[in-house]
Amino acid sequence: MFGKIGDMGNMMKKAYEMKKEFGKIQEELSEVEVKGICGTSVEVTASADMKIKNIRIAPEAINSGETEKLEDLIQIAVNNALDEAKKASQQKLARITGGLNLPGLFG
C-alpha cells in the first residue's frame, strides 16, 4: 500500500522538476534568434519563443511600388522565420520531453 504512495511522491517530484526545467527552457527560447529570408528583399528575425524581433526590407523593394509583391515577400520571410523558430524550440524542448512530440507544446 505504501509503495503506491511512494511512487506517487516520486511522480510529483519529477513533475515539479520538469516544470522547473521547462521554465528555464522557455527563458532560453526568448534568447535564441533565427532568420527567415525571402530573396534579397526581406529578412525577418524571430526568437525561438515565436516572437518577431526585427524585419528588414531592402530600400529597392519599398521603392518599387509593387505593394502586393512586397506583402508576399514579407509573408514568406515571416513564415520561414517562424518555421525555423519552431525547429529551434523543438530541439530545446526535446531535453525534457525525451524527443516526444507533445501536442500543444510547440505552438
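In which order do the three strands of the open sheet stand, and with what pairing? The order is S1-S2-S3, and the pairing is antiparallel; two strands are taken to pair if DSSP finds at least two bridges between them. Strand S1 (33-38) and strand S3 (52-57) stand at the edges with a single partner strand each, so one side of each has no neighbour in the sheet. Neighbouring strands are turned by 15° against each other on average, direction ignored, where the axes are lines fitted to C-alpha atoms, for helices over the stretch in contact, and angles run from 0 to 180 degrees between N-to-C directions.

This is a predicted model, in which local features need pLDDT of at least 70 and side-chain atom pairs count only at pLDDT 80 or more, while totals for chains, interfaces and linings use all residues. Residues are numbered from 1 along each chain as its sequence is written, and side-chain values use heavy atoms, with hydrogens and water left out.

**The chain as a whole**

The protein chain holds three helices and three strands, and along the sequence these follow the pattern α-β-β-β-α-α. Helices (H or I, at least four residues) and strands (E, at least two) are DSSP runs, numbered from the N terminus. Of the 107 residues, 24% are buried, with buried meaning under 20% relative accessible area, exposed over 50%, and partly exposed in between (1.4 Å probe, protein chains only). About 7,700 Å² of the protein chain is exposed, and carbon and sulfur atoms supply 56% of this area; accessible areas come from the Shrake-Rupley method with a 1.4 Å probe, and for residues only the protein chains shown count as cover. Among contacts with a separation of 6 or more, 47% are between residues 24 or more positions apart, a contact being heavy atoms within 4.5 Å.

**The two hairpins**

The table sets out the pairing of strand S2 (residues 42-47) with S1 and with S3.

| Pair | Sense | Bridges |
|---|---|---|
| S1 and S2 | antiparallel | six bridges |
| S2 and S3 | antiparallel | five bridges |

In the pairing with S2, Ile37 stands opposite Glu43, and Val42 has Ile57 in S3 as its bridge partner. The hairpin of S1 and S2 has three residues between the strands, and in it Gly39 takes a positive phi near 60°. The hairpin of S2 and S3 has four residues between the strands; Met50, found in the loop between S2 and S3, has a positive phi of about 70° although it is not a glycine. Met50 is partly exposed, with a relative accessible area of 36%.

**Strand S2 and Thr45**

Five of the six residues of S2 are buried, so this strand is largely enclosed by the rest of the structure. Thr45 lies in strand S2 and counts as buried at 5% relative accessibility. The side chains of Thr45 and Lys35 are joined by a polar contact of 3.1 Å, a term for a pair of N or O atoms within 3.5 Å, of which, within protein, one must be able to donate a hydrogen and the other to accept it, residues adjacent in sequence counting only if both atoms are side-chain atoms. Leaving aside its neighbours within four places in sequence, Thr45 is in contact with Glu33, Val34, Lys35, Lys51, Ile52, Lys53 and Asn54.
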